[in-house]
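Student: Could you take me through one part of this model closely, with the cut-offs behind each term, and then place that part in the chain as a whole? I would like to look at the strands and how they pair.

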Amino acid sequence: MDDSCEDPPTSAVLLDSCHFSHVLFNDVEKFYVPGGDVTCHYTLTQHISARGKDWVGIFRVGWKTTREYYTFMWAPLPAAGHGDTAVQQKIQFKAYYLPKDDEYYQFCYVDQDGMVRGASVPFQFRAEAEDDILVVTTQGEVEEIELQNKNLCQENEELKASCANLQQQNLELQEELKKTQELQKSLESFRSSTEKLELELNSLKMENKQLKEQGDCTGAELQQLKEQLQNVTSEKERLENRLRTALDHMDQLQSQVLNYEKEVENLSHLDQDKTEQLETLKEENQQLRLSTAQQQHDLIKELEEQKHLFQVLKAEKDEADEESQKLRAENSALLRHLSQELSPLSALPRAPAATPAPGAGDLLFGNPYSAAGGNLGAGVEASLRVCPMCGELFPGDVESSQFEAHVRSHLLDCPMCTESFENQQVFEDHLLCHRLE
């Protein structure tokens, strides 16, 4: 505030008696940063004469009287009388006297009679905020959205160019309309002159009538008057035709101007729709980026769980393979041991055929070798082959392929590799490992 403790002249404000356009405020910012000095630029027009008690105040928007100023500075007088020319002036308000809140304020120029002679647009004392937004999306989506934005911008530029062309055509039509209005004015003047000519014609007719009545005019004078009358009539018809043609042309120009104004309005609405569509695409882009980031996080978590499960199953598979190898080794050892035990039995001699077998009636439970024809050697030969898996007995004359097929029927062959398994659980674990791979 000014160092002087004298209060400025104020008064109740009557809006009907105020002249807010006598002082124009220039370069008023939307925001002023708190803590800094503020320079107010204004222009004194030719409608005001600066006086010593004029002042510039800062008012909160919504003020009713000039007594509601927040702070003020005495307005400096121009260096020389500005007379009929506008004068640029400026005042600097110190930061200490400026408002500290973020309400809306405005500059007002008040003369020494307490009348408001000018007011600025509203502004605030605060710093502009900048929000940083982190958006994550895929490269393909970014390229697609950038292409859409580029197309929309290009279409917007084309619409702006078309709108500018239409505005230029509208200006040309308005100029042509002005020329037509001037032509209409000239036609009106022609019409007035035609009326004057009609009056002259009427006066000539009266004179002609008088001359005929008087009989003083000669035939040559009468013929001259007839020619003048004919010329005046033809001139009247020609001017009437020109007037009708000009009126028709003016109607056409007015209709064209209306059509161009409608097209300009439609293009403005279309430009607004394109801008709204661009904002919608930006919001969808942000939502898509956030959704993509969440899906990526879920996929990484699921992949880690699958990886852990695969490691567990792989460890179980390794244990099952190791157990299978042990079982295969034990099976091979048992087969070799069985072959070694069966080899001496195949070399035994047959029993003498003359030795009679005990009758069935002499034994308490009957003869156990009667099924072999009462021959002990035949029973031995019939039990030479024993299944190592189920213990089933096969006669000695059975084919090797049949015996091997029976033994292999107890084994479980992997359909994906050449391994065989005796245990059902080990076989199923082995198949599960193949599926995980």
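Tutor: What follows is a close look at the sheets, and after that a shorter look at a helix residue and a pocket. The model is a predicted one, in which local features need pLDDT of at least 70 and side-chain atom pairs count only at pLDDT 80 or more, while totals for chains, interfaces and linings use all residues. Residues are numbered from 1 along each chain as its sequence is written, and side-chain values use heavy atoms, with hydrogens and water left out.

The protein chain contains 5 helices and 13 strands; these are DSSP runs numbered from the N terminus, helices being H or I with at least four residues and strands being E with at least two. Two strands are taken to pair if DSSP finds at least two bridges between them.

One open sheet is made of 3 strands in the order S1-S3-S6, with antiparallel pairing. Its edge strands are S1 (23-26) and S6 (87-93), each of which pairs on one side only. On average, and with direction ignored, neighbouring strands of this sheet are turned by 30 degrees against each other, where the axes are lines fitted to C-alpha atoms (for helices over the stretch in contact) and angles run from 0 to 180 degrees between N-to-C directions. Strand S1 is joined to S3 (residues 38-44) by 4 bridges, and the bridge partner of Asn 26 in S3 is His 41.

Another open sheet has 4 strands in the order S5-S4-S7-S8, and its pairing is antiparallel as well. Here S5 (69-74) and S8 are the edge strands, each pairing on one side only, and the average turn between neighbouring strands, direction ignored, is 25 degrees. Strands S7 (residues 105-110) and S8 (residues 116-119) run antiparallel and are joined by 3 bridges. Along this pair, Cys 108 stands opposite Ala 119 and Val 110 stands opposite Val 116. The hairpin of S7 and S8 has 5 residues between the strands, and Gly 114 takes a positive phi near 80 degrees there.

Turning to the helices, Thr 292 lies in H2 (residues 219-346). Thr 292 counts as buried because its relative accessibility is 16%, given that buried means under 20% relative accessible area, exposed over 50% and partly exposed in between, with a 1.4 Å probe and protein chains only. Its side chain reaches the backbone oxygen of Leu 288 at 2.7 Å. Leaving aside residues up to four places away in sequence, Thr 292 touches Thr 138 and Glu 141, contact meaning heavy atoms within 4.5 Å.

Helix H2 also gives the most to the lining of the largest pocket, with 6 residues. That lining has 17 residues, and those nearest the pocket's centre are Asn 331, Leu 335, Val 407, Arg 408 and Leu 411.

For the chain as a whole, 26% of the 437 residues count as buried, and residues 24 or more positions apart account for 64% of the contacts with a separation of 6 or more. A pocket is found on a 1 Å grid over the protein atoms alone, as an open set of points where a 1.4 Å probe fits, with protein on both sides within 12 Å along at least five of seven lines, and lining residues have an atom within 4 Å of a point.

Conventions: A polar contact is a pair of N or O atoms within 3.5 Å; within protein, one must be able to donate a hydrogen and the other to accept it, and residues adjacent in sequence count only if both atoms are side-chain atoms.
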